[in-house]
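Work through the exercises below with the sequence and the 3D structure in view. Each task is followed by a solution in steps.

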Amino acid sequence: MLSSIIGILAYILLAPLAGGLLEGIDRKITARMQGRIGPPLLQPFYDVRKLLNKEILVINNIQYLFAWCFIIFIVFTGALFYGGFNLLLVLFVLTTAAMFLVLEASSTNSPYAVMGANRELMQMLSYEPMVLLTAVGFYIATRGTFSIKEIIEISSIPNIVYLPGVFIGFLFILTIKMRKAPFDISMSHHAHQEVVNGVTTELSGGMLAIVDISHWYENILLLGIVAMFFLCNKWWSIPLAVVMCAAVYFLEILISNTNARVKWDRMFKSSWLMTLVFGAVNLFVLQMIL
């Protein structure tokens with residue numbers, strides 16, 4: 001219980017700092033790839049501070065409520081994860097958080113925000129099957145547990161050995177979850193989004209800052225799931241997981257800077273194809289072996 005409390009507090013307090021630094025690193029690396037110097041490493045924090053000092057303009061009060069629910073459920077999801085609780089519950093609550101972002105955009109009746117909400121729903125339909133297969137994969141690999149703490153402590157070798165296909169499939173949908181090209185169709189952190197800013201079009205000031213901070217929390221949660229593939233009850237699995245999380249994040253930046261945005265139908269088809277080819281086949285073979 002003490003370790004769970006420490007994990008929860010560490011996530012709540014440190015995740016926004018780590019997430020903001022990751023975004024700063026993202027901007028720096030992106031700028032270098034494009035032949036630019038780029039903003040300061042702490043620019044995301046400067047941006048959020050500036051937004052917090054601006055006036056909040058909302059179309060209706062329910063929009064304000066949904067935006068707050070989004071960050072509350074994201075933080076709650078991360079707390080469950082880093083507290084070592086049930087992985088399936090974590091993924092269900094994460095989906096609930098995403099639904100609040102859709103409801104926030106839909107409540108505005110803004111054409112750009114509603115278009116972003118529809119695209120967000122399409123993204124959810126694209127990545128959710130692979131997310132669920134990831135949880136099932138850990139359940140089969142550990143012979144019957146969804147407990148995050150037990151998944152890490154039971155295995156004496158990293159779960160990537162049993163779940164290479166699931167890992168590849170999860171990496172594919174991670175690009176959607178992190179809102180990076182070529183799958184940043186509902187919202188983009190860059191200025192080239194053709195639907196203005198998608199689901200956050202009608203957010204301003206402190207409310208937009210809250211959504212940005214929510215994404216920092218979410219990215220740390222997603223990297224934690226990546227780390228689960230490499231963590232086990234051996235001490236060397238910790239530095240291995242850290243190195244692999246850094247490599248995965250760099251890969252996502254590289255993909256984002258070398259691919260143009262695709263249409264929703266191509267995202268949907270490719271995501272389900274990866275889910276079936278890598279995720280489902282991996283689980284079928286694993287079930288036959290174990």
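## Exercise 1: Two cysteines

Cys-232 is buried, with a relative accessible area of 6%. The model is a predicted one.

Task: Find how far the sulfur of Cys-232 is from the closest cysteine sulfur, and decide whether the two are bonded or not bonded.

Solution.
1. The closest cysteine sulfur to that of Cys-232 belongs to Cys-245, at 14 Å.
2. A disulfide requires the two sulfur atoms to be within 2.5 Å, so the distance of 14 Å is too far for a bond.
3. Seen from the other side, Cys-245 is in no disulfide either, its nearest cysteine sulfur being that of Cys-232.
4. Cys-245 is also a buried residue, at 12% relative accessible area.
5. The count of disulfides is 0.

## Exercise 2: The overall fold

Task: State how many helices and strands the protein has, and compare its radius of gyration with that of a compact globule.

Solution.
1. The protein has 10 helices and 0 strands.
2. Read from the N terminus, the order of elements is α-α-α-α-α-α-α-α-α-α.
3. For 290 residues a compact globule would have a radius of gyration near 19 Å, and the protein agrees with this because its own value is 19 Å.
4. The C-alpha trace spans about 55 × 45 × 40 Å along the principal axes.
5. Of the 290 residues, 52% count as buried.
6. Among contacts with a separation of 6 or more, 77% are between residues 24 or more positions apart.
7. About 13,400 Å² of the protein is exposed, and carbon and sulfur atoms supply 71% of that area.

## Exercise 3: Salt bridges around Arg-27

Task: Identify the salt-bridge partners of Arg-27 and say where in the chain each partner lies.

Solution.
1. Side chains of opposite charge can pair when their charged atoms come close.
2. Arg-27 forms a salt bridge with Glu-23, with 2.9 Å between the closest N and O atoms.
3. Arg-27 and Glu-23 are 4 residues apart in helix H1, which means that about one helical turn separates them.
4. Arg-27 also meets Asp-47 in a salt bridge, at 2.8 Å from N to O.
5. Asp-47 lies in helix H2 (residues 43-52) and Arg-27 in helix H1, so this pair ties together parts that are 20 residues apart in sequence.
6. Glu-23, Arg-27 and Asp-47 are thus linked in a network of salt bridges.
7. Glu-23 is buried at 16% relative accessible area, whereas Arg-27 is partly exposed at 24% and Asp-47 is partly exposed at 26%.

## Exercise 4: A link between two loops

Task: Locate the two residues joined by the salt bridge of Arg-261, and say whether Asp-184 is buried or exposed.

Solution.
1. The partner of Arg-261 is Asp-184, and their closest N and O atoms are 3.2 Å apart.
2. Arg-261 is in the loop between helix H9 (237-258) and helix H10 (264-289), while Asp-184 is in the loop between H7 and H8.
3. The two are 77 residues apart, so the pair links distant parts of the chain.
4. Asp-184 counts as buried at 2% relative accessibility, and Arg-261 is partly exposed at 24%.
5. In total, the protein has 6 salt bridges.

## Exercise 5: Unusual backbone geometry

Task: Find which residues join in a cis peptide bond, and examine the phi of Asn-109 and of Arg-179.

Solution.
1. Most residues other than glycine have a negative phi, and most peptide bonds are trans.
2. Ala-181 and Pro-182 are joined by a cis peptide bond, with omega about 10°.
3. Pro-182 lies in the loop between helix H7 (164-177) and helix H8 (205-228).
4. Arg-179, in the loop between H7 and H8, has a positive phi near 60°.
5. Asn-109 has a positive phi of about 60° and sits in the loop between helix H4 (87-106) and helix H5 (111-141).
6. Arg-179 is buried, at 8% relative accessible area, whereas Asn-109 is exposed, at 67%.

Note on methods:
Residues are numbered from 1 along each chain as its sequence is written. This is a predicted model: local features need pLDDT of at least 70, side-chain atom pairs count only at pLDDT 80 or more; totals for chains, interfaces and linings use all residues. Side-chain values use heavy atoms; hydrogens and water are left out. Buried means under 20% relative accessible area, exposed over 50%, partly exposed in between (1.4 Å probe, protein chains only). The radius of gyration is taken over C-alpha atoms; the globule rule is 2.2 Å times the number of residues to the power 0.38. Contact means heavy atoms within 4.5 Å. Accessible areas come from the Shrake-Rupley method with a 1.4 Å probe; for residues, only the protein chains shown count as cover. A salt bridge is a side-chain nitrogen of Lys or Arg within 4 Å of a carboxyl oxygen of Asp or Glu.
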